[in-house]
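This report describes a protein chain for a reader who has its sequence and structure at hand. It turns to the cysteines, then to a pair of helices, then to two loop residues, and ends with the chain as a whole.

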Amino acid sequence: MSPTRAKVDALHVAWRHHFGAVPPLGHQLRHALPQRWLRVHHLPQARRHPETPGDWTEALARHNAVAAWLLGEAHAVWRIEVCTVQQAGERGWVRPMLHTEEWAEALRARQTRWLPHAHDEAIAAVLAERAGPMLWADLARGCVYAPYAGGADLICVDGAQRAHGLARFADWLSPHPSGL
């Protein structure tokens, strides 16, 4: 078995263990795992798009804070993203088979480490809607950080971690009862 195939198989097994047949997309994980889901907003008053340099600084600081809290600093994670078929084959990326047929040609994944501000360019592309959906997943523990234009969906390890996140990031949460 090739090293690439072994990585794909390991990713597939770990994903299925933690998330079953749910595709690696933040909004679908949110619906499938509401007891572990937490949403944070990246700007005050839940503003969706950073407009000033100060907004960008605040948004990226919040994203890095919640991701480091959830994923841990320097932990091995998978970055999984929706991409074009051409991008999927770029060097260093593997194509996971974690999804329904609808997404079969549109995902790529790469192992990396979560380090503060190391992923700012990718996060900023998502926030500015210049990139498709992406997420970072710690598949050893079963947690996911999924940024979007407006904030991030977090899939916590369990309900206790979610409760801790609700308290820790209370000022960044939606006041709406649904959490949206």
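The structure holds zero disulfides; it is a predicted model. Why does C143 form no such bond? The closest cysteine sulfur to that of C143 belongs to C156 and lies 7.8 Å away, which is too far for a bond, since a disulfide requires two cysteine sulfur atoms within 2.5 Å. Likewise, C156 takes part in no disulfide, its nearest cysteine sulfur being that of C143. As for their surroundings, C143 counts as buried because its relative accessibility is 0%. C156 is also buried, with a relative accessible area of 0%.

The next topic is the packing of two helices. Helix α3 spans residues 53-71 and helix α5 spans residues 120-127; the two pack at an angle of about 115°, and their axes are 11 Å apart. The helices α3 and α5 are therefore roughly perpendicular to each other, as angles of 65 to 115 degrees are counted in this way. The crossing in which α3 passes α5 is right-handed. On the side of α3, the contact is made by W56, A59, L60, H63 and N64, while α5 contributes D120, I123, A124 and L127. By character, the residues of this contact of α3 with α5 comprise six that are nonpolar, two that are polar and one that is charged.

Two loop residues deserve attention for their backbone angles. Most residues other than glycine have a negative phi. The table lists two residues with a positive value.

| Residue | Phi | Location |
|---|---|---|
| H117 | near 65° | loop between β3 (107-113) and α5 |
| E129 | near 60° | loop between α5 and β4 (134-138) |

Neither entry is a glycine: H117 has a positive phi in a residue other than glycine, and E129 has one as well. Is H117 buried, partly exposed or exposed? With a relative accessibility of 45%, H117 counts as partly exposed, because that class lies between the limits of 20% and 50%.

Finally, the chain may be considered as a whole. The protein chain has six helices and six strands. Read from the N terminus, its elements follow the order α-α-β-α-β-α-β-α-β-β-β-α. Of the 180 residues in the protein chain, 51% are buried. Among contacts between residues at least 6 apart in sequence, 67% join residues at least 24 apart.

Definitions and conventions. Residues numbered from 1 in each chain as written. Predicted model: local features only at pLDDT ≥ 70, side-chain atom pairs only at ≥ 80, totals over all residues. Heavy atoms only, no water. Buried < 20%, exposed > 50% of the residue type's maximum accessible area, 1.4 Å probe, protein only. Axes fitted to C-alpha atoms, helices over the stretch in contact; angles between N-to-C directions. Helix = DSSP H or I, 4+ residues; strand = E, 2+ residues; numbered from the N terminus. Parallel < 35°, antiparallel > 145°, perpendicular 65-115°, else oblique. Left-handed = near helix turned anticlockwise from the far one by under 90°. Contact = heavy atoms within 4.5 Å. Nonpolar A, V, L, I, M, F, W, Y, C, P; charged D, E, K, R; others polar.
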